[in-house]
Amino acid sequence: MPLPNIARGRLSDLAVQGLREQLAAGAWAVGERLPPEASLASDLGVGRSTLREAVRVLVDAGQLETRQGSGTFVRALQPPPEWEARVRRAAVLEVYEVREALEVQAARLAALRRTDADLVAIDAGLAGREDTRHGLGEPFVDADLAFHAAVVAAAHNPLLQEMFDSFLTVLRAALIEVVTDVAIDEVDTADAHAQLAAAIRDRDPEAAAAATHANVSVTARGLRELVDAAPDTPRTTRS
């Protein structure tokens, strides 16, 4: 079955996507051998080295199996749930790495520019976060993000606001998937959130930046530990 030619984008990622779509569509049955490497690479419109990389990702995912001297065979038409969870964790970690840079600057600006109305919103977010902290789940995620959104809004920088909003939906969905992990609960940083609110109230930009670094980087470290615990996790954000 011909595969769509891939002409743009990260070829290895798109090759993985193309193979996954064909597997899901039943292009090959479970136990069936894939076409020869040269033919499959040509159909995908990629080089053989790129194809090998894509095959390795799907072998790690448990969808393909490489047999020495025999070729590559289909093991599953869909990736196992655990592999999907690992990819989500890697994606969340990447978002957290961006969050830290963005929110540290937002915290500095919020400490300099906040209004009384901003403080009301920040305090409400902090209270909501504390009320839901021990339950975790969706209410906790929503309260936590509401607090951070209030801090970003207090920076009064439309571009920072737009950047934060651009990945808020993705961040929420991914965090809901992983927030029930014990490791996430253990790295919760209630004190750092309270310190951030206090620094903004006191108009102390450096203390606000330090508190933001503490709460975002500590959670990111917990996520990184979850990802590193699964060495076969691809470092690719799913679309």
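## Exercises on helices, salt bridges and a pocket

R201 is partly exposed, with a relative accessible area of 37%. That value, like every other one used below, comes from a predicted model.

**Exercise 1. Describe the overall make-up of the chain: how many helices and strands are there, in what order do they run, and what percentage of the residues counts as buried?**

Step 1. Counting the elements gives 10 helices and 2 strands.

Step 2. Read from the N terminus, the order is α-α-α-β-β-α-α-α-α-α-α-α, with three helices ahead of the two strands and the remaining helices after them.

Step 3. The chain has 239 residues, of which 46% count as buried.

Step 4. Turning to contacts between residues at least 6 apart in sequence, one finds that 72% of them join residues at least 24 apart.

**Exercise 2. Determine which residues of helix α2 are buried, and against which elements they pack.**

Step 1. Helix α2 spans residues 37–44, and its buried residues are L40, A41 and L44.

Step 2. Because these residues cover an arc of only 100° around the axis, they lie on the same side of α2.

Step 3. The partners of the buried residues of α2 are α1, which covers 11–24, and α3, which covers 48–60.

Step 4. Beyond the end of the helix, α2 is followed by G45, a residue whose phi is positive, near 75°.

**Exercise 3. For the salt bridge between R52 and E37, find where in the chain the two residues lie, and decide whether each is buried or partly exposed.**

Step 1. The closest N and O atoms of R52 and E37 are 3.0 Å apart, and a salt bridge is counted when a side-chain nitrogen of Lys or Arg is within 4 Å of a carboxyl oxygen of Asp or Glu, so the pair qualifies.

Step 2. R52 belongs to helix α3 and E37 to helix α2, with their positions 15 residues apart in the sequence, and the pair thus links distant parts of the chain.

Step 3. Buried means under 20% relative accessible area and exposed over 50%, with partly exposed in between; therefore R52, at 39% relative accessibility, counts as partly exposed, and E37, at 27%, also counts as partly exposed.

Step 4. The pair does not stand alone, for E37, R48 and R52 are linked in a network of salt bridges.

**Exercise 4. Contrast the salt bridge of E103 and R99 with that of D123 and R201: how are the partners placed along the chain, and are they buried or partly exposed?**

Step 1. A search of the whole structure finds 8 salt bridges; in one of them the side chains of E103 and R99 meet, with 2.6 Å from N to O.

Step 2. E103 and R99 are separated by about one helical turn, because they stand 4 residues apart in helix α4, which comprises residues 81–113.

Step 3. Both charged partners count as buried, since E103 has 2% relative accessibility and R99 has 1%.

Step 4. In the other bridge, the closest N and O atoms of D123 and R201 are 2.3 Å apart.

Step 5. This second pair links distant parts of the chain, with D123 in helix α5 (residues 116–132) and R201 in helix α9 (residues 190–201), 78 residues apart.

Step 6. D123 is partly exposed, with a relative accessible area of 31%, and R201 is partly exposed at 37%.

**Exercise 5. Characterise the second largest pocket: what is its volume, which residues are closest to its centre, and which elements supply its lining?**

Step 1. The space in the second largest pocket comes to about 280 Å³.

Step 2. The pocket is lined by 13 residues, and the closest to its centre are P35, P36, E37, G71 and T72.

Step 3. At least two lining residues come from each of α2, α3 and β2, the last of these being 71–74, while α3 gives the most, with 3 residues.

Step 4. Sorted by class, the lining holds 6 nonpolar, 4 polar and 3 charged residues.

**Exercise 6. Locate H156 and R203, two residues other than glycine with positive phi: in which loops do they lie?**

Step 1. H156, with a positive phi of about 55°, lies in the loop between α6 (137–154) and α7 (158–178), and at 43% relative accessibility H156 counts as partly exposed.

Step 2. R203, whose phi is near 55°, is found in the loop between α9 and α10 (205–228), and R203 is partly exposed, with a relative accessible area of 41%.

Conventions:
Residues numbered from 1 in each chain as written. Predicted model: local features only at pLDDT ≥ 70, side-chain atom pairs only at ≥ 80, totals over all residues. Heavy atoms only, no water. Buried < 20%, exposed > 50% of the residue type's maximum accessible area, 1.4 Å probe, protein only. Arc of directions from axis to C-beta. Contact = heavy atoms within 4.5 Å. 1 Å grid on protein atoms, 1.4 Å probe; cavity = no way out; pocket = protein on both sides within 12 Å on 5 of 7 lines; lining within 4 Å. Points joined across faces, edges and corners; volume = space filled by probe spheres on them. Nonpolar A, V, L, I, M, F, W, Y, C, P; charged D, E, K, R; others polar.
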